[in-house]
Amino acid sequence: AVVTAGGRLFSIVDRAPPASVAFPSRWYMVARDAFSGVELWKTRIKPWTPRFRGFRSGPPHLARRLVATADRVFVTPGYGRPVAAFAAGSGRKLRTYPRTEGAEEILYADGVLYCVIGNCKAYMQARRARRRGSDADVGKSIVAVRARDGEVLWELSADEAGYVMPTTLAVSGGRVFYENTRRVVCLDARSGRRLWRSPRPITRSRPSWLAPTLVVKHGVVLSADRAASNMQGAGPLEEGEELKWKLRSREPYRVDRVTPGTLYAFSADTGEKMWTSPAVEGFNSPADVLVARGLVWTGSLVRASDPGITKGRDILSGEVAFSRKPDGEYINIGMGHHRCYRNKATSEYLVMGRSGVEMIDMDSGRATADHWIRGACQYGTVPAN
């Protein structure tokens with residue numbers, strides 16, 4: 001995981017000897033000057049993830065346990081550990097937050113930490129119950145904690161929240177949004193009271209790296225995912241139906257076909273479905289939904305022959321408002337498939353990862369490539385500062 005704020009770069013790093021994966025991990029949270037790379041401080045943490053985790057096996061929310069502001073770093077200092085706050089300048093531990101054990105994701109907004117809390121023990125109990133013929137289900141709770149003093153403001157229980165899909169928690173405009181196996185849900189950020197929920201079809205059986213992409217901007221909730229008809233069923237999961245994760249992708253290196261999906265746009269105020277459009281997941285990575293300059297950018301760029309992101313849609317209507325030539329008109333792709341991570345965007349450029357780093361100017365649509373720099377597998381790049 002890597003985040004940046006206040007001119008500093010924070011990362012989670014395993015500093016065990018690289019000679020063999022058999023050496024025990026030595027995990028650290030490391031702070032660096034974002035402009036020079038000089039190490040400012042580091043602190044030892046408990047294991048962040050098992051070192052024998054399979055390549056491209058997920059989980060997709062692995063990097064969502066590290067958040068930084070100008071003066072604070074919020075992190076789970078080890079898998080299953082409660083969220084803790086550290087001073088961004090010194091690394092001094094300031095406090096540990098109650099009722100955040102098992103946090104899988106952390107968001108910070110307006111002085112409040114919003115955490116998705118998993119329960120490994122309950123999950124294993126439910127798995128055993130299913131083998132005995134029970135319809136036991138496992139949800140994930142959502143907890144809102146005031147960052148200043150650790151007061152728990154509200155909590156949505158696992159039964160109420162359902163199974164919160166990884167990486168879908170978002171906060172915008174005084175509301176909290178997330179997607180479970182049946183619906184997109186909107187909560188009041190102050191009280192946790194449910195404001196609306198809208199059905200969202202979902203794939204019932206999915207590779208462990210595949211998560212929906214949920215983005216909230218300009219009063220619109222955007223949800224992209226693999227088309228449900230590609231696997232079991234075509235609608236929201238019903239009560240008692242199980243979401244099936246495959247530990248790894250069955251086709252980790254298949255680039256001879258592109259898996260289609262759908263982007264849904266909902267009103268953030270009412271939950272009303274506004275428009276839909278095609279969306280294509282990346283190479284062993286969730287679909288891109290990039291919002292910049294009031295436009296929604298998504299496209300097809302798994303294979304070198306794919307055109308890339310060539311259209312920008314108006315976020316309110318879904319109509320195509322900007323078109324550009326395929327990437328191949330400007331650059332030599334030079335790589336058989338896209339790197340295995342999602343792309344990024346700034347206010348001026350789309351930042352791609354087809355071969356190295358490709359910059360697409362949103363004024364002209366022209367693309368320039370730097371094949372000497374590339375993002376790390378499964379994580380990618382952090383355009384900032």
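The following exchange examines the strands and nonpolar cores of a predicted model.

Colleague: How many helices and how many strands does the protein have?

Modeller: The chain of this predicted model holds 385 residues, of which 50% count as buried. Its secondary structure comprises 2 helices and 30 strands.

Colleague: What share of the contacts in the protein with a separation of 6 or more comes from residues 24 or more positions apart?

Modeller: A contact requires heavy atoms within 4.5 Å. Among contacts with a separation of 6 or more, those between residues 24 or more positions apart account for 52%.

Colleague: Which strand gives the most to the largest nonpolar core?

Modeller: The largest nonpolar core has 19 residues, and those with the most contacts inside it include Phe-10, Ile-12, Met-29 and Trp-48. Strand 1 (2-5), strand 2 (8-14), strand 3 (27-33), strand 5 (66-68), strand 6 (72-75) and strand 7 (84-87) each supply at least two residues of this core. With 3 residues, the strand that gives the most is strand 3.

Colleague: How many residues make up the second, separate core?

Modeller: Nonpolar side chains tend to be buried together in soluble globular proteins. Here the second core is separate and includes Leu-107, Ala-109, Leu-156 and Ala-161. Its size is 17 residues.

Colleague: Leaving aside neighbours within four places in sequence, which residues are in contact with Ile-12?

Modeller: Ile-12 is one of the residues with the most contacts inside the largest core. Once its neighbours within four places in sequence are set aside, Ile-12 is in contact with Ala-1, Trp-27, Tyr-28, Met-29, Ile-45, Trp-48, Leu-66 and Val-75.

Colleague: Which are the edge strands of the open sheet in the order 13-14-15-16?

Modeller: This open sheet is formed by 4 strands with antiparallel pairing. An edge strand here pairs on one side only. The edge strands are strand 13 (170-172) and strand 16.

Colleague: What is the average twist from one strand to the next in this sheet?

Modeller: Within the sheet, strand 13 and strand 14 (residues 175-179) pair in the antiparallel sense over 3 bridges. Strand 15 (residues 183-188) and strand 16 (residues 194-199) also pair in the antiparallel sense, over 5 bridges. From one strand to the next, the twist averages 20°.

Colleague: Which residue takes a positive phi in the hairpin of strand 15 and strand 16?

Modeller: In the pairing of these strands, Cys-186 stands opposite Trp-196 in strand 16. The hairpin has 5 residues between the strands. The residue with a positive phi, near 80°, is Gly-192.

Notes. Residues are numbered from 1 along each chain as its sequence is written. This is a predicted model: local features need pLDDT of at least 70, side-chain atom pairs count only at pLDDT 80 or more; totals for chains, interfaces and linings use all residues. Side-chain values use heavy atoms; hydrogens and water are left out. Two strands pair if DSSP finds at least two bridges between them. A nonpolar core is a set of buried Ala, Val, Leu, Ile, Met, Phe, Trp, Tyr and Cys residues joined through side-chain atoms within 4.5 Å. Buried means under 20% relative accessible area, exposed over 50%, partly exposed in between (1.4 Å probe, protein chains only). Axes are lines fitted to C-alpha atoms, for helices over the stretch in contact, and angles run from 0 to 180 degrees between N-to-C directions.
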